[in-house]
Amino acid sequence: MVIEGTEVVLEKEYPKSMTMADFQSELDDSPKYIVVDYDYTTLDGRPADKIILISWIPDTAKIKEKMKYSGTKEAVKSALQGIAVNINATDKSECTEDELTAACTRI
C-alpha cells in the first residue's frame with residue numbers, strides 16, 4: 001500500500017506463493033506498507049501463520065516521504081483487522097525469512 005495524495009491505496013497484490021527472493025526484489029527506495037500472510041513453524045514444531053504489517057521506510061527514502069509514512073502508520077494499522085505482528089523495516093536485512101519468523105515466534 002502506498003500513500004497517494006491523502007489516501008492509502010493498494011499498489012500491488014502478491015500471491016502467497018511468492019518466494020522470499022522475489023519479495024525482497026520488490027523492496028525499493030519507495031516507502032510502502034506491506035501486509036503479508038506468513039506461514040512459519042512454531043518453536044515446538046507446529047505449522048502456523050500470522051498476518052504481518054511491514055512498514056517499509058528505507059533509509060534511502062526522502063525525508064518528507066519518511067515523515068509522511070511514519071505519521072500515518074498507526075492509522076493504517078488500526079484500519080486493518082487481524083494484524084498480529086508489526087515490523088518497522090528500513091533495510092532489506094530486516095525483511096528476511098529469519099526476521100519474519102523470529103517476529104512471529106516472539107509473540
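1. How many bridges join β3 to strand β4, and do these strands run parallel or antiparallel? In this predicted model, β3 and β4 (residues 47-56) run antiparallel and are joined by 10 bridges. Within that pairing, Y38 stands opposite K50 in β4. The hairpin that β3 and β4 form has 5 residues between the strands, and G45 in this hairpin takes a positive phi near 90 degrees.

2. On the other pairing of β4, the strand runs parallel to β5 (residues 85-89), and 5 bridges join the two. Two of the residue pairs can be named: I54 has I87 as its bridge partner in β5, and I52 has V85 as its partner in that strand.

3. The connection between these parallel strands deserves its own point. After the parallel pairing of β4 with β5, one can follow the chain as it leaves β4, passes through helix α2 (residues 63-79) and arrives at β5, a β-α-β crossover that is right-handed.

4. The two faces of β5 can be told apart by residue: V85, I87 and A89 make up the covered face, whereas N86 and N88 belong to the uncovered one. I87, from the covered face, is also named with I52 and I54 among the residues that have the most contacts inside the largest nonpolar core, a set of 16 residues. To this core β3, β4, β5 and α3 each supply at least two residues, and the greatest contribution, 4 residues, is that of β3. The bridge partners I54 and I87 are thus both found in the list of residues with the most core contacts.

5. Turning to open space, the largest pocket holds about 610 Å³. Its lining comprises 22 residues, of which Y14, P15, V35, V36 and D37 are the closest to the pocket centre. Two or more lining residues come from each of α1 (20-25), β3 (32-41) and α3 (97-106), and β3 provides the largest share, with 8 residues. By class, the lining of this pocket is made of 13 nonpolar residues, 8 charged residues and 1 polar residue. β3 therefore deserves attention on two counts, as it gives the most to the largest nonpolar core and the largest share to the lining of the largest pocket.

6. What does a search of the whole structure find in the way of cavities of 30 Å³ or more? The search returns 1 such cavity, and the largest cavity has a volume of about 50 Å³. Y14, F23, E26, L27, K32 and I34 line this cavity, and by class these lining residues are 4 nonpolar and 2 charged, with no polar residue. Y14 appears here in the cavity lining and also among the residues closest to the centre of the largest pocket.

7. Is A102 buried, partly exposed or exposed? A102, which has its place in helix α3, counts as partly exposed because its relative accessibility is 31%, a value that falls between the 20% and 50% cut-offs. A102 and K66 lie 36 residues apart in sequence, and their C-alpha atoms are 25 Å apart in space.

How values were computed
Residues numbered from 1 in each chain as written. Predicted model: local features only at pLDDT ≥ 70, side-chain atom pairs only at ≥ 80, totals over all residues. Heavy atoms only, no water. 1 Å grid on protein atoms, 1.4 Å probe; cavity = no way out; pocket = protein on both sides within 12 Å on 5 of 7 lines; lining within 4 Å. Points joined across faces, edges and corners; volume = space filled by probe spheres on them. Nonpolar A, V, L, I, M, F, W, Y, C, P; charged D, E, K, R; others polar. Pairing = 2+ DSSP bridges. Right-handed = clockwise from strand over helix to strand, strands pointing away. Core = buried A, V, L, I, M, F, W, Y, C linked by side-chain atoms within 4.5 Å. Buried < 20%, exposed > 50% of the residue type's maximum accessible area, 1.4 Å probe, protein only.
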